Amino acid sequence: MTNQNNCIIKIEHLSKAFGDKVVLDDINLDIRRGEFVTLLGPSGCGKTTLLRMIAGFLKADSGVIAMEGTDISDTPPHRRPLNTVFQRYALFPHLNVYDNIAFGLKLNKVPSAEIDSRVRKALKMVSMTDYEDRDVNSLSGGQQQRVAIARAIVNRPKVLLLDEPLAALDLKMRKDMQMELKQMHQELGITFIYVTHDQEEALTLSDTVVVMSDGKIQQIGTPIDIYNEPVNSFVADFIGESNILNATMIRDREVEFIGHTFECVDEGFGINAPVDVVVRPEDIYIIANAENAKFTGEVKSCIFKGVHYEMFVETDKGYELMLQDYNAFEVGSTVGMFIKPSDIHVMQKERTCNTFEGKMTSPTTVQILGAEFECGECGLQAGEEVYVSVNFDRVELLDNKEDGTVMGEVEFILYKGNRYHLTVLTDEGEKVYVDTNDIWDKGDIVGISVAAADLHITKRV
Amino acid sequence: MKKFFAQSYLWLLLALLYAPIIIIGVFSFTEAKVLGNWTGFSTKLYTSLFSGGVSGGLLSAVENTLTIALIAAAVSTLLGSIAAIGIHNMRGRKRQVITFLNNIPMLNPDIITGISLFLLFVSIGLTQGYITVVLAHIAFCTPYVVLSVMPRLQQMNPNIYEAALDLGATPFQALRKVIIPEIRPGMISGFILAFTLSIDDFAVTIFTKGNQGLETLSTFIYADARKGGLTPELRPLSTIIFVTVLLLLIIINVRSRRAARKMENI
């Protein structure tokens, strides 16, 4: 079992809740020795919580963190053979650069001659030679971060944890530090676990990217896998720019979306199956000659982005697509477009309609989402437990929150070419998915209502 | 012209505030027995104060005052710092409530604190004397130490304690090597504050000193004045105390200004 020996950290069924809010939900993760792993996700996805648990600053509610085969869940942080680089550096202000870096070595009673040579080596590693006697408060942000990295690696940890270490630096500095970190990882050969919300940084640095959202791991893979083969619309939307569209898999290697049928390379979804399709903006080829194109459209906007132009095109069937090309096309002009089969990525739909668990409160009313909804006569008696399904486009969102049967907050917005797919979080913490043409903003408080005829009720057994 | 009036208003105000102290200071340099009579410049009261020309009562009162202040300041600095760290680690409502509870004794009139402590000591049957005065002074000084340590904790990067643990420090080592050095300026200011408050106190002391003959400077002067006329040597003594307290306050202010400037540079 070479694979077993190679695994330095094994996380099994790790869960954590702060009060009612679940921040980590059954996390399973294997980290190989010497790997550069990035935990990537939007703020509040649980990535920092996971890192803090690996470091030992937080205790899990349930689950196991094992390091080299031994359970370290109950080991206090000072006995764990790993070190952390904090987001806000967390240097000791009363100590100079040298004493900051020597802090861990002195605690471990390393002989002073050895401390001296190791501190100097660490400083050299982060290109801060001759800064030993400087007051840490007099250093710039980038320099402080270098000292923080030196302070961690000087202890030769088995695993180095980095919590958004470059977030506070300016762009140019960040790019330089990224390259240095990658080089440092190669030279030291220790495992790096890196937390960031910057997808570009994650793709640039990592061997493995772990995409997280809502306390769950969405996808684990190499940067190339994550970019080219996202498993769901969240990952596709979060990593890079993308067009995410509703589609129908007509048969193997043939998919229909934006009103056209395309050849693709995906198989095994079945016949006439509803799926999601991801097409990266740079993978849509655009030509001025509309005649030989697969489909046509009208350029709605064209913005210069440095290397390329970013354009929005309304297709002949009324869908909006984002495109990137080295050439600019005039706004208002008609253009032709085509997509290569290998650039179409087909994903299983996570869901095709809302399904709620509920209970009949009378023959014509049902209790779901913590409120009572009119549902019409369905032949069921009060007290019977039911499943209620509602199509995405049958959920009505209302500006005036008091007008809805329940209240919710718009949590996530996905544009699907011709409509928005929203995730609305109700007061009770349940998710309602809504397809709409109306424009809502993230964080909007809305009223949710559903017409009686649109509630499809089946008995739960 | 407007500026002139504004200036003179300020000086008038300051003159009114400091007049009594200045009078004591000025009249400490004359020999007259009665305050207000100027019989020419002399430092005789000062020499007499230091060469034992005064009753033993006054000197022992000074000694009591200083030792009580030192003990009370040291103990309340320790207790207050620990309490501040505890409060700092609390969250939300609990922290608000405890901070509020910490502030009440500071707003409470000294006389009430004194009577309450007197009743407490009587009811638990503690003989009143040196120990009870020290305990009472610790009780009213501690909240001030908490108040002067808290801002240091709030300014501190919350991750540095974790960073110390991460680098292999036990929680106690992290406290000693990282937290204490960070809050030390607040602890020193708190100590100085507690020391001056203790020296200054009269109301609490008079109620807790018992009747075993213990006197601090303030109670001694009070008793002395009631016996008929102040001992003239009290004038130089008051002047010395005032100058000492003034120096301590200047030190506190300079320290906090320097700390603020250091923060700005970061």
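A residue counts as buried here if 20 or more other C-beta atoms lie within 10 Å of its own, with C-beta atoms placed from the backbone. Keep that cut-off in mind during the tour, which goes through a predicted model.

**Start at Gly56 of chain A**

Select Gly56(A), which sits in the loop between helix H2 (47–55) and strand E4 of chain A. Is Gly56(A) buried or exposed? It has 22 C-beta neighbours inside 10 Å, and therefore counts as buried. To see part of what surrounds this glycine, add Thr75(A), Pro76(A), Pro77(A) and Arg80(A), the residues in contact with Gly56(A) once its neighbours within four places in sequence are left aside. For a sense of distance, then pick Thr204(A): it is 148 residues from Gly56(A) in sequence, and the two C-alpha atoms are 28 Å apart in space.

**The sheet that includes E4**

From the loop, move to E4 and display the open sheet of 4 strands in chain A, whose order is E2-E1-E4-E5 and whose pairing is antiparallel. Strand E2 (21–32) and strand E5 (70–71) stand at the edges, and because each has a single partner strand, one side of each is left without a neighbour in the sheet.

Within this sheet, select strand E1 (residues 7–18) and strand E4 (residues 62–67) of chain A, which pair in the antiparallel sense over 5 bridges; Ile9(A) is the residue to centre on, since it can be seen opposite Met67(A) in E4(A). On turning to E1(A) and E2(A), you will find antiparallel pairing over 8 bridges, with Ala17(A) standing opposite Val22(A) in E2(A). These two strands, E1(A) and E2(A), form a hairpin with 2 residues between them, and Gly19(A) in the turn has a positive phi of about 65°.

**Zoom out to chain A**

Now show the whole of chain A, whose C-alpha trace spans about 85 × 65 × 50 Å along its principal axes. The secondary structure of this chain comes to 9 helices and 30 strands, and 36% of its 461 residues count as buried. Among contacts in chain A with a separation of 6 or more, 64% are between residues 24 or more positions apart.

Colour chain A by domain, using 4–233 for domain 1, 241–348 for domain 2 and 354–459 for domain 3. The centres of domain 1 and domain 2 of chain A, taken over C-alpha atoms, are separated by 39 Å. Where these two domains touch, 6 residues of domain 1 of chain A are in contact with 5 residues of domain 2 of chain A, and the residues on the domain 1 side divide into 2 nonpolar, 3 polar and 1 charged.

**A second sheet in chain A**

Next, select the open sheet of 5 strands with the order E13-E12-E11-E14-E20 in chain A, again with antiparallel pairing. Its edge strands are E13 (260–263) and E20 (345–348), each of which pairs on one side only, and neighbouring strands of this sheet are turned by 40° against each other on average, direction ignored. Zoom to strand E11 (residues 243–251) and strand E12 (residues 254–257) of chain A, which run antiparallel and are joined by 3 bridges; here Met249(A) stands opposite Val255(A) in E12(A).

**Where chain B meets chain A**

Bring chain B into view and select the contact between the chains, to which chain B gives 17 residues and chain A gives 18 residues. Which elements give two or more residues to the side of chain B that touches chain A? They are helix H7 (159–166) and helix H8 (171–200) of chain B, and H7(B) gives the most, with 6 residues. By class, this side of chain B has 8 nonpolar, 6 polar and 3 charged residues.

**Finish in the cores**

The last selection is the largest nonpolar core, which has 136 residues, and in which Leu160(A), Ile193(A) and Ala194(B) have the most contacts. This core draws at least three residues from each of domain 1 (4–233) and domain 2 (241–348) of chain A. Centre on Ala194(B) and, leaving aside its neighbours within four places in sequence, display the residues in contact with it: Ala72(B), Ala73(B), Ser76(B), Thr77(B), Cys141(B), Tyr144(B) and Val145(B). A second, separate core of 20 residues can then be selected through Cys375(A), Val388(A), Val406(A) and Val434(A), which it includes.

Technical notes: Residues are numbered from 1 along each chain as its sequence is written. Chains are lettered from A and ligands numbered from 1 in the order in which they are written. This is a predicted model: local features need pLDDT of at least 70, side-chain atom pairs count only at pLDDT 80 or more; totals for chains, interfaces and linings use all residues. Two strands pair if DSSP finds at least two bridges between them. Axes are lines fitted to C-alpha atoms, for helices over the stretch in contact, and angles run from 0 to 180 degrees between N-to-C directions. A residue is buried if 20 or more other C-beta atoms lie within 10 Å of its own, exposed if 12 or fewer, and partly exposed in between; C-beta atoms are placed from the backbone. Two residues are in contact if their C-beta atoms, placed from the backbone, lie within 7 Å. Ala, Val, Leu, Ile, Met, Phe, Trp, Tyr, Cys and Pro count as nonpolar, Asp, Glu, Lys and Arg as charged, and the others, Gly among them, as polar. Domain bounds come from an automatic or database domain assignment. A nonpolar core is a set of buried Ala, Val, Leu, Ile, Met, Phe, Trp, Tyr and Cys residues joined through C-beta atoms within 7 Å.
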